[in-house]
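Work through the exercises below with the model open beside you. Try each task before reading its solution.

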Amino acid sequence: MEQGTQKVIYLGMRGDIIHPGIINIISEGEKHGQVLVGLLTDTAIAQHKRLPYLSYEQRKKVIENIKGVSRVVAQEEWSYVPNLRKYKPDAIIHGDDWKSGLLQKEREDVFAVMKELGGEVIEIPYTVGVDSSALNEAMRSIGTTPNVRLKTLRRLIDIKPMVRIMEAHSGLSGLIIEHLEVTKADGLHSFDGMWSSSLTDSASKGKPDIEAVDLTTRLQDLTNILECTTKPIIFDGDTGGKPEHFVFTVRTLERNGVSAVIIEDKIGLKKNSLFGTDVRQELSLIPEFCDKISAGKRAQVTKDFMIIARLESLIAGYPVSDALERAKAYIAAGADGIMIHSKEKSGADIKAFCEQFRTEYTHVPIVLVPTTYNQFTEKELALWGANIIIYANHMLRASYPAMLNVAKTILENERSLETDPLCMPIKQILELIPGGK
Ligand code: SPV
Ligand code: MG
(Lines give C-alpha, C1' and ligand atoms only; values in the text may rest on other atoms or scores of the structure.)
(Ligands and ions follow the chains in the order given, each with its own letter.)
Protein backbone atom coordinates (compact mmCIF):
# COMPACT_ATOMS: atom_id res chain seq x y z
CA MET A 1 0.00 0.00 0.00
CA GLU A 2 2.07 2.93 -1.27
CA GLN A 3 0.62 6.39 -0.82
CA GLY A 4 2.51 8.78 -3.10
CA THR A 5 6.10 7.74 -2.84
CA GLN A 6 5.99 7.10 0.86
CA LYS A 7 5.79 3.65 2.31
CA VAL A 8 3.24 2.91 5.03
CA ILE A 9 4.69 1.70 8.31
CA TYR A 10 2.25 0.07 10.75
CA LEU A 11 2.73 0.61 14.47
CA GLY A 12 0.39 -1.10 16.94
CA MET A 13 0.08 0.40 20.41
CA ARG A 14 -2.06 0.86 23.52
CA GLY A 15 -1.16 4.54 23.82
CA ASP A 16 -2.28 4.89 27.43
CA ILE A 17 1.00 6.10 28.83
CA ILE A 18 3.21 8.14 26.55
CA HIS A 19 6.89 7.64 27.28
CA PRO A 20 10.19 8.19 25.42
CA GLY A 21 10.10 4.64 24.03
CA ILE A 22 6.93 5.46 22.07
CA ILE A 23 8.33 8.71 20.71
CA ASN A 24 11.48 6.83 19.73
CA ILE A 25 9.63 4.14 17.77
CA ILE A 26 7.47 6.74 15.99
CA SER A 27 10.55 8.66 14.85
CA GLU A 28 12.20 5.41 13.75
CA GLY A 29 9.05 4.57 11.79
CA GLU A 30 9.06 7.99 10.17
CA LYS A 31 12.52 7.31 8.75
CA HIS A 32 11.00 4.47 6.70
CA GLY A 33 7.75 6.11 5.59
CA GLN A 34 4.49 7.43 6.99
CA VAL A 35 3.43 6.01 10.32
CA LEU A 36 0.00 4.38 10.50
CA VAL A 37 -0.84 3.75 14.17
CA GLY A 38 -3.10 0.78 14.95
CA LEU A 39 -4.50 1.88 18.30
CA LEU A 40 -5.78 -1.03 20.34
CA THR A 41 -9.40 -0.65 21.40
CA ASP A 42 -10.45 -1.28 25.02
CA THR A 43 -11.82 -4.67 23.92
CA ALA A 44 -8.52 -5.64 22.31
CA ILE A 45 -6.51 -4.61 25.38
CA ALA A 46 -8.83 -6.36 27.82
CA GLN A 47 -8.08 -9.68 26.10
CA HIS A 48 -4.65 -9.63 27.78
CA LYS A 49 -4.10 -6.56 29.95
CA ARG A 50 -5.94 -4.38 32.40
CA LEU A 51 -8.23 -1.69 31.04
CA PRO A 52 -6.35 1.49 30.07
CA TYR A 53 -6.85 4.61 32.19
CA LEU A 54 -7.93 6.68 29.18
CA SER A 55 -10.82 5.78 26.87
CA TYR A 56 -10.15 4.91 23.23
CA GLU A 57 -11.29 8.36 22.08
CA GLN A 58 -9.02 10.11 24.59
CA ARG A 59 -6.05 7.96 23.60
CA LYS A 60 -6.76 8.57 19.90
CA LYS A 61 -6.77 12.33 20.42
CA VAL A 62 -3.36 12.17 22.14
CA ILE A 63 -1.71 9.87 19.59
CA GLU A 64 -3.04 11.77 16.57
CA ASN A 65 -1.30 14.85 17.86
CA ILE A 66 2.12 13.29 18.25
CA LYS A 67 4.59 14.53 15.67
CA GLY A 68 5.34 11.86 13.10
CA VAL A 69 1.99 10.06 13.27
CA SER A 70 0.15 10.28 9.91
CA ARG A 71 -3.03 8.45 10.78
CA VAL A 72 -4.62 6.48 13.62
CA VAL A 73 -6.90 3.49 12.99
CA ALA A 74 -8.57 1.14 15.45
CA GLN A 75 -6.98 -2.23 16.11
CA GLU A 76 -9.97 -4.25 17.32
CA GLU A 77 -8.03 -7.41 18.20
CA TRP A 78 -5.01 -8.05 20.40
CA SER A 79 -3.44 -9.69 17.32
CA TYR A 80 -1.95 -7.40 14.66
CA VAL A 81 -2.83 -9.88 11.91
CA PRO A 82 -6.41 -8.75 11.00
CA ASN A 83 -5.25 -5.12 10.62
CA LEU A 84 -2.15 -6.08 8.64
CA ARG A 85 -4.42 -7.92 6.19
CA LYS A 86 -6.83 -4.98 6.11
CA TYR A 87 -4.34 -2.12 5.63
CA LYS A 88 -1.57 -4.07 3.85
CA PRO A 89 1.26 -1.80 5.08
CA ASP A 90 4.71 -1.97 3.52
CA ALA A 91 6.19 -2.68 6.89
CA ILE A 92 5.36 -3.11 10.57
CA ILE A 93 7.65 -1.68 13.19
CA HIS A 94 8.03 -3.14 16.67
CA GLY A 95 10.47 -3.06 19.57
CA ASP A 96 12.60 -6.20 19.76
CA ASP A 97 11.28 -6.95 23.25
CA TRP A 98 8.59 -9.15 21.68
CA LYS A 99 11.15 -11.90 21.07
CA SER A 100 10.17 -13.27 24.47
CA GLY A 101 7.14 -13.22 26.73
CA LEU A 102 3.47 -12.68 25.93
CA LEU A 103 4.10 -11.37 22.39
CA GLN A 104 6.39 -14.17 21.16
CA LYS A 105 3.61 -16.03 19.33
CA GLU A 106 2.29 -12.73 17.99
CA ARG A 107 5.72 -12.05 16.50
CA GLU A 108 5.72 -15.38 14.62
CA ASP A 109 2.24 -14.65 13.20
CA VAL A 110 3.31 -11.16 12.13
CA PHE A 111 6.39 -12.47 10.31
CA ALA A 112 4.22 -15.04 8.49
CA VAL A 113 1.58 -12.54 7.39
CA MET A 114 4.11 -9.88 6.31
CA LYS A 115 5.92 -12.49 4.22
CA GLU A 116 2.63 -13.38 2.58
CA LEU A 117 1.94 -9.66 1.91
CA GLY A 118 5.44 -9.07 0.56
CA GLY A 119 6.17 -6.61 3.37
CA GLU A 120 8.85 -6.17 5.96
CA VAL A 121 9.16 -6.44 9.74
CA ILE A 122 11.34 -3.72 11.24
CA GLU A 123 12.58 -4.52 14.72
CA ILE A 124 14.25 -1.76 16.66
CA PRO A 125 16.18 -2.11 19.90
CA TYR A 126 13.91 -1.80 22.83
CA THR A 127 14.29 1.52 24.67
CA VAL A 128 16.07 0.43 27.83
CA GLY A 129 14.56 1.69 31.05
CA VAL A 130 11.06 2.28 29.70
CA ASP A 131 8.67 -0.54 29.77
CA SER A 132 5.01 0.37 29.48
CA SER A 133 3.96 -2.63 31.56
CA ALA A 134 6.27 -1.47 34.35
CA LEU A 135 4.94 2.07 34.00
CA ASN A 136 1.41 0.70 34.21
CA GLU A 137 2.39 -1.06 37.42
CA ALA A 138 3.84 2.17 38.76
CA MET A 139 0.64 4.04 37.88
CA ARG A 140 -1.33 1.39 39.68
CA SER A 141 0.71 1.83 42.83
CA ILE A 142 0.01 5.56 42.74
CA GLY A 143 -3.67 4.72 42.74
CA THR A 144 -6.71 6.05 40.98
CA THR A 145 -9.31 8.75 41.44
CA PRO A 146 -12.88 8.00 42.58
CA ASN A 147 -14.18 9.24 39.24
CA VAL A 148 -11.95 6.99 37.12
CA ARG A 149 -12.70 3.95 39.29
CA LEU A 150 -16.44 4.61 39.26
CA LYS A 151 -16.65 4.67 35.44
CA THR A 152 -14.63 1.51 34.94
CA LEU A 153 -17.46 -0.91 35.64
CA ARG A 154 -19.61 0.35 32.75
CA ARG A 155 -16.58 0.29 30.46
CA LEU A 156 -15.90 -3.34 31.43
CA ILE A 157 -19.53 -4.38 30.89
CA ASP A 158 -19.39 -2.84 27.42
CA ILE A 159 -16.30 -4.71 26.31
CA LYS A 160 -16.09 -8.00 28.19
CA PRO A 161 -18.21 -11.09 27.59
CA MET A 162 -18.17 -11.63 31.38
CA VAL A 163 -17.08 -9.24 34.12
CA ARG A 164 -15.50 -11.27 36.93
CA ILE A 165 -16.01 -9.88 40.44
CA MET A 166 -14.55 -11.30 43.66
CA GLU A 167 -15.53 -10.59 47.25
CA ALA A 168 -13.13 -8.43 49.29
CA HIS A 169 -13.66 -7.77 53.00
CA SER A 170 -10.29 -6.22 53.89
CA GLY A 171 -7.34 -4.43 52.37
CA LEU A 172 -5.43 -7.70 52.25
CA SER A 173 -8.13 -9.59 50.32
CA GLY A 174 -8.45 -6.53 48.05
CA LEU A 175 -4.72 -6.67 47.31
CA ILE A 176 -4.98 -10.27 46.13
CA ILE A 177 -7.84 -9.36 43.79
CA GLU A 178 -5.99 -6.32 42.52
CA HIS A 179 -2.78 -8.12 41.60
CA LEU A 180 -3.45 -11.79 40.92
CA GLU A 181 -3.02 -12.87 37.29
CA VAL A 182 -3.13 -16.36 35.83
CA THR A 183 -1.89 -16.95 32.28
CA LYS A 184 -3.91 -19.48 30.31
CA ALA A 185 -3.82 -20.53 26.66
CA ASP A 186 -6.56 -18.00 25.81
CA GLY A 187 -4.86 -15.07 27.54
CA LEU A 188 -4.40 -13.47 30.90
CA HIS A 189 -7.06 -14.11 33.56
CA SER A 190 -7.59 -11.69 36.41
CA PHE A 191 -10.44 -10.30 38.48
CA ASP A 192 -12.15 -7.22 37.08
CA GLY A 193 -13.38 -5.81 40.36
CA MET A 194 -14.53 -6.37 43.93
CA TRP A 195 -17.76 -7.17 45.74
CA SER A 196 -18.33 -5.57 49.11
CA SER A 197 -20.55 -8.27 50.61
CA SER A 198 -22.89 -7.76 53.56
CA LEU A 199 -22.37 -11.41 54.52
CA THR A 200 -18.59 -11.33 54.66
CA ASP A 201 -18.41 -7.80 56.07
CA SER A 202 -20.62 -8.85 58.98
CA ALA A 203 -19.11 -12.35 59.39
CA SER A 204 -15.61 -10.85 59.58
CA LYS A 205 -16.87 -8.85 62.58
CA GLY A 206 -18.54 -11.87 64.17
CA LYS A 207 -22.00 -10.48 63.43
CA PRO A 208 -25.01 -11.97 61.61
CA ASP A 209 -25.96 -10.85 58.09
CA ILE A 210 -29.11 -8.94 59.13
CA GLU A 211 -28.12 -5.37 58.25
CA ALA A 212 -26.58 -5.29 61.73
CA VAL A 213 -23.38 -3.62 60.51
CA ASP A 214 -24.21 0.00 59.76
CA LEU A 215 -23.16 1.82 56.61
CA THR A 216 -20.56 3.94 58.40
CA THR A 217 -18.78 0.86 59.72
CA ARG A 218 -18.96 -0.86 56.35
CA LEU A 219 -17.51 2.22 54.70
CA GLN A 220 -14.61 2.29 57.13
CA ASP A 221 -13.61 -1.18 55.93
CA LEU A 222 -14.23 -0.20 52.35
CA THR A 223 -11.82 2.72 52.77
CA ASN A 224 -9.02 0.26 53.49
CA ILE A 225 -9.82 -1.52 50.23
CA LEU A 226 -10.11 1.76 48.31
CA GLU A 227 -6.72 2.87 49.54
CA CYS A 228 -4.78 -0.10 48.22
CA THR A 229 -6.65 -0.98 45.01
CA THR A 230 -7.80 0.60 41.74
CA LYS A 231 -10.39 -1.87 40.42
CA PRO A 232 -14.12 -1.10 40.46
CA ILE A 233 -16.33 -1.98 43.41
CA ILE A 234 -19.90 -3.24 43.56
CA PHE A 235 -21.49 -2.61 46.95
CA ASP A 236 -24.04 -4.92 48.55
CA GLY A 237 -26.66 -2.43 49.76
CA ASP A 238 -28.91 -5.08 51.42
CA THR A 239 -32.50 -3.79 51.13
CA GLY A 240 -31.34 -0.20 50.76
CA GLY A 241 -33.40 0.76 53.84
CA LYS A 242 -36.02 3.46 53.41
CA PRO A 243 -35.90 5.59 50.22
CA GLU A 244 -34.96 8.59 52.36
CA HIS A 245 -31.90 6.69 53.63
CA PHE A 246 -31.08 5.15 50.29
CA VAL A 247 -30.50 8.52 48.62
CA PHE A 248 -27.74 9.26 51.12
CA THR A 249 -26.21 5.83 50.59
CA VAL A 250 -26.10 6.44 46.84
CA ARG A 251 -24.34 9.77 47.21
CA THR A 252 -21.88 8.43 49.77
CA LEU A 253 -20.97 5.49 47.56
CA GLU A 254 -20.56 7.70 44.49
CA ARG A 255 -18.35 10.11 46.39
CA ASN A 256 -16.09 7.20 47.29
CA GLY A 257 -15.81 6.00 43.70
CA VAL A 258 -17.98 2.89 44.10
CA SER A 259 -19.39 1.88 40.69
CA ALA A 260 -22.66 0.21 41.63
CA VAL A 261 -24.97 -0.67 44.49
CA ILE A 262 -27.18 -3.75 44.47
CA ILE A 263 -30.37 -3.60 46.52
CA GLU A 264 -32.68 -6.54 47.14
CA ASP A 265 -36.47 -6.56 47.18
CA LYS A 266 -36.91 -8.27 50.57
CA ILE A 267 -38.66 -6.66 53.53
CA GLY A 268 -38.87 -7.32 57.26
CA LEU A 269 -35.80 -8.48 59.12
CA LYS A 270 -33.38 -9.20 56.34
CA LYS A 271 -31.90 -12.70 56.43
CA ASN A 272 -29.12 -13.94 54.21
CA SER A 273 -30.64 -15.40 51.05
CA LEU A 274 -28.77 -18.68 51.33
CA PHE A 275 -30.32 -19.51 54.75
CA GLY A 276 -32.47 -22.67 55.12
CA THR A 277 -36.08 -22.77 53.94
CA ASP A 278 -37.54 -22.57 57.46
CA VAL A 279 -37.97 -18.82 57.22
CA ARG A 280 -40.22 -17.65 54.41
CA GLN A 281 -38.72 -14.37 53.27
CA GLU A 282 -41.14 -11.63 52.45
CA LEU A 283 -40.89 -9.59 49.30
CA SER A 284 -41.48 -5.90 48.89
CA LEU A 285 -44.53 -4.62 47.06
CA ILE A 286 -43.43 -3.81 43.54
CA PRO A 287 -44.40 -0.08 43.59
CA GLU A 288 -42.55 0.47 46.87
CA PHE A 289 -39.33 -1.03 45.60
CA CYS A 290 -39.72 0.95 42.36
CA ASP A 291 -39.99 4.15 44.42
CA LYS A 292 -36.73 3.34 46.17
CA ILE A 293 -34.93 2.71 42.87
CA SER A 294 -36.27 5.96 41.39
CA ALA A 295 -35.30 7.94 44.48
CA GLY A 296 -31.77 6.57 44.20
CA LYS A 297 -31.55 7.36 40.49
CA ARG A 298 -32.72 10.93 41.08
CA ALA A 299 -30.15 11.36 43.85
CA GLN A 300 -27.05 10.24 41.97
CA VAL A 301 -24.77 12.96 40.68
CA THR A 302 -22.65 11.08 38.14
CA LYS A 303 -24.09 9.49 35.02
CA ASP A 304 -22.08 6.32 35.41
CA PHE A 305 -23.13 5.11 38.87
CA MET A 306 -25.35 2.01 38.61
CA ILE A 307 -28.26 0.93 40.75
CA ILE A 308 -28.84 -2.78 40.26
CA ALA A 309 -32.12 -4.32 41.40
CA ARG A 310 -31.79 -7.73 43.01
CA LEU A 311 -34.73 -10.08 42.58
CA GLU A 312 -35.43 -12.38 45.51
CA SER A 313 -38.48 -14.10 43.96
CA LEU A 314 -36.76 -17.47 43.49
CA ILE A 315 -35.23 -17.34 47.00
CA ALA A 316 -38.68 -16.65 48.49
CA GLY A 317 -40.27 -19.56 46.61
CA TYR A 318 -42.01 -17.64 43.82
CA PRO A 319 -41.80 -18.69 40.16
CA VAL A 320 -39.65 -17.28 37.37
CA SER A 321 -42.71 -15.37 36.10
CA ASP A 322 -42.78 -13.34 39.35
CA ALA A 323 -39.10 -12.46 38.91
CA LEU A 324 -39.71 -11.41 35.30
CA GLU A 325 -42.63 -9.19 36.27
CA ARG A 326 -40.52 -7.53 38.94
CA ALA A 327 -37.54 -7.12 36.61
CA LYS A 328 -39.71 -5.31 34.11
CA ALA A 329 -41.08 -2.92 36.71
CA TYR A 330 -37.67 -2.23 38.28
CA ILE A 331 -36.12 -1.44 34.90
CA ALA A 332 -38.98 0.92 34.13
CA ALA A 333 -38.28 2.61 37.49
CA GLY A 334 -34.67 3.24 36.40
CA ALA A 335 -32.64 0.17 37.47
CA ASP A 336 -29.42 -0.07 35.46
CA GLY A 337 -29.14 -3.82 35.80
CA ILE A 338 -30.75 -6.89 37.33
CA MET A 339 -29.32 -9.41 39.76
CA ILE A 340 -31.27 -12.64 39.91
CA HIS A 341 -30.57 -14.86 42.90
CA SER A 342 -31.35 -18.47 43.72
CA LYS A 343 -30.12 -21.26 45.96
CA GLU A 344 -31.37 -24.00 43.62
CA LYS A 345 -28.40 -26.28 42.90
CA SER A 346 -29.41 -27.23 39.35
CA GLY A 347 -29.33 -23.64 38.10
CA ALA A 348 -32.40 -24.44 35.96
CA ASP A 349 -34.47 -21.56 37.38
CA ILE A 350 -31.69 -19.02 36.79
CA LYS A 351 -31.15 -20.29 33.24
CA ALA A 352 -34.88 -20.04 32.50
CA PHE A 353 -34.98 -16.50 33.90
CA CYS A 354 -31.96 -15.35 31.89
CA GLU A 355 -33.24 -16.80 28.64
CA GLN A 356 -36.73 -15.34 29.00
CA PHE A 357 -35.39 -11.98 30.18
CA ARG A 358 -33.04 -11.76 27.20
CA THR A 359 -35.90 -12.16 24.70
CA GLU A 360 -37.10 -8.72 25.77
CA TYR A 361 -34.04 -6.99 27.20
CA THR A 362 -30.98 -7.55 25.07
CA HIS A 363 -28.71 -5.04 26.77
CA VAL A 364 -29.71 -4.64 30.43
CA PRO A 365 -26.85 -6.23 32.41
CA ILE A 366 -27.62 -9.44 34.30
CA VAL A 367 -25.63 -10.17 37.46
CA LEU A 368 -25.35 -13.71 38.81
CA VAL A 369 -24.06 -14.98 42.17
CA PRO A 370 -23.53 -18.69 41.53
CA THR A 371 -22.63 -19.82 45.04
CA THR A 372 -24.88 -22.89 44.99
CA TYR A 373 -24.97 -23.62 41.24
CA ASN A 374 -21.19 -23.34 40.98
CA GLN A 375 -20.78 -26.25 38.57
CA PHE A 376 -21.23 -23.84 35.64
CA THR A 377 -18.25 -22.04 34.14
CA GLU A 378 -18.16 -18.33 33.40
CA LYS A 379 -18.39 -19.11 29.66
CA GLU A 380 -21.54 -21.19 30.21
CA LEU A 381 -23.17 -18.45 32.30
CA ALA A 382 -22.28 -15.89 29.62
CA LEU A 383 -24.13 -18.06 27.09
CA TRP A 384 -27.23 -17.87 29.30
CA GLY A 385 -27.00 -14.08 28.93
CA ALA A 386 -25.19 -13.04 32.12
CA ASN A 387 -22.76 -10.10 32.08
CA ILE A 388 -21.35 -10.05 35.61
CA ILE A 389 -20.46 -12.95 37.88
CA ILE A 390 -19.88 -12.36 41.57
CA TYR A 391 -17.89 -14.83 43.68
CA ALA A 392 -19.61 -13.50 46.77
CA ASN A 393 -17.91 -14.95 49.84
CA HIS A 394 -14.96 -17.12 48.86
CA MET A 395 -12.09 -15.06 50.27
CA LEU A 396 -13.63 -15.04 53.73
CA ARG A 397 -14.72 -18.67 53.59
CA ALA A 398 -11.19 -19.66 52.57
CA SER A 399 -9.55 -17.75 55.41
CA TYR A 400 -11.55 -19.29 58.27
CA PRO A 401 -10.48 -22.96 57.82
CA ALA A 402 -6.88 -21.79 57.26
CA MET A 403 -6.87 -19.86 60.55
CA LEU A 404 -8.65 -22.66 62.40
CA ASN A 405 -6.09 -25.20 61.22
CA VAL A 406 -3.15 -23.09 62.40
CA ALA A 407 -4.74 -22.44 65.80
CA LYS A 408 -5.47 -26.15 66.23
CA THR A 409 -1.91 -27.13 65.21
CA ILE A 410 -0.47 -24.85 67.92
CA LEU A 411 -2.78 -26.31 70.57
CA GLU A 412 -1.84 -29.85 69.56
CA ASN A 413 1.93 -29.24 69.52
CA GLU A 414 2.20 -26.65 72.29
CA ARG A 415 4.48 -24.61 69.99
CA SER A 416 4.30 -23.00 66.54
CA LEU A 417 7.06 -24.84 64.65
CA GLU A 418 4.53 -27.17 62.98
CA THR A 419 2.61 -24.17 61.61
CA ASP A 420 5.55 -22.97 59.49
CA PRO A 421 4.45 -24.82 56.33
CA LEU A 422 0.89 -23.54 56.88
CA CYS A 423 1.90 -19.88 57.14
CA MET A 424 3.28 -17.27 54.84
CA PRO A 425 6.92 -16.46 55.79
CA ILE A 426 7.25 -13.24 57.83
CA LYS A 427 9.56 -11.79 55.15
CA GLN A 428 6.91 -12.32 52.50
CA ILE A 429 4.13 -10.62 54.46
CA LEU A 430 6.43 -7.66 55.12
CA GLU A 431 7.25 -7.37 51.44
CA LEU A 432 3.67 -7.87 50.27
CA ILE A 433 2.47 -4.50 51.40
CA PRO A 434 3.69 -1.66 49.19
CA GLY A 435 5.89 0.82 51.02
CA GLY A 436 7.00 -1.75 53.60
CA LYS A 437 10.49 -2.20 52.13
C1 SPV B 1 -23.72 -11.21 50.18
O2 SPV B 1 -22.62 -11.57 49.76
O3 SPV B 1 -23.86 -10.64 51.26
C4 SPV B 1 -24.92 -11.42 49.38
C5 SPV B 1 -24.96 -12.52 48.42
O6 SPV B 1 -25.89 -10.71 49.59
S7 SPV B 1 -25.67 -13.87 49.25
O8 SPV B 1 -24.93 -14.12 50.44
O9 SPV B 1 -25.63 -15.00 48.34
O10 SPV B 1 -27.06 -13.53 49.56
MG1 MG C 1 -25.76 -9.52 51.31
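**Exercise 1. Crossing helices**

Task: Determine the handedness of the crossing of α11 and α12, then describe how the two helices meet.

Solution:
- Start with the handedness. The crossing of α11 and α12 is right-handed. A crossing counts as right-handed if the near helix is turned clockwise from the far one by less than a right angle, and left-handed if anticlockwise.
- Locate the helices. Helix α11 covers residues 243-255 and helix α12 residues 286-299; their axes come within 8 Å and cross at roughly 40°. Axes are lines fitted to C-alpha atoms, for helices over the stretch in contact, with angles from 0 to 180 degrees between N-to-C directions.
- Classify the angle. α11 and α12 are therefore oblique to each other. Under 35 degrees is roughly parallel, over 145 roughly antiparallel, 65 to 115 roughly perpendicular, and the rest oblique.
- Pick a residue. Phe246 lies in helix α11 and is buried, at 0% relative accessibility. Buried means under 20% relative accessible area, exposed over 50%, partly exposed in between (1.4 Å probe, protein chains only).
- Check a distance. Phe246 and Ala295 are 49 residues apart along the chain, and their C-alpha atoms are separated by 7.7 Å.

**Ground rules**

This is a predicted model: local features need pLDDT of at least 70, side-chain atom pairs count only at pLDDT 80 or more, and totals for chains, interfaces and linings use all residues. Residues are numbered from 1 along each chain as its sequence is written, chains are lettered from A and ligands numbered from 1 in the order in which they are written, and side-chain values use heavy atoms, leaving out hydrogens and water.

**Exercise 2. The whole protein**

Task: How many helices and strands does the protein have?

Solution:
- Count the elements. There are 17 helices and 17 strands. Both are DSSP runs, numbered from the N terminus: helices are H or I with at least four residues, strands E with at least two.
- Take the dimensions. The C-alpha atoms fill a box of roughly 80 × 60 × 40 Å along the principal axes.
- Add burial. The protein has 437 residues, and 50% of them count as buried.

**Exercise 3. Helix α7 and its salt bridge**

Task: Where is the kink in α7 centred, and which residue pairs with Arg155 in a salt bridge?

Solution:
- Find the kink. It is about 30° and centred on Thr152. The bend at a residue is the angle between axes fitted to the seven residues ending there and the seven starting there.
- List burial. The buried residues of α7 include Leu153, Arg155 and Leu156.
- Find the partner. The side chains of Arg155 and Asp42 meet in a salt bridge, 3.0 Å from N to O. The criterion is a side-chain nitrogen of Lys or Arg within 4 Å of a carboxyl oxygen of Asp or Glu.
- Place both ends. Arg155 lies in helix α7 (residues 146-159) and Asp42 in helix α2 (residues 42-46), so the pair ties together parts 113 residues apart in sequence.
- Compare accessibility. Arg155 is buried at 18%; Asp42 is buried at 10%.

**Exercise 4. More salt bridges**

Task: Which residue forms a salt bridge with Lys266, and which meets Asp265?

Solution:
- Take Lys266. Its partner is Glu264, with the closest N and O atoms 2.7 Å apart. Both Lys266 and Glu264 are buried.
- Take Asp265. Its side chain meets that of Arg326 at 3.3 Å, N to O. Asp265 and Arg326 are both buried.
- Trace the network. Salt bridges with shared partners join Glu264, Lys266, Arg310 and Glu312.
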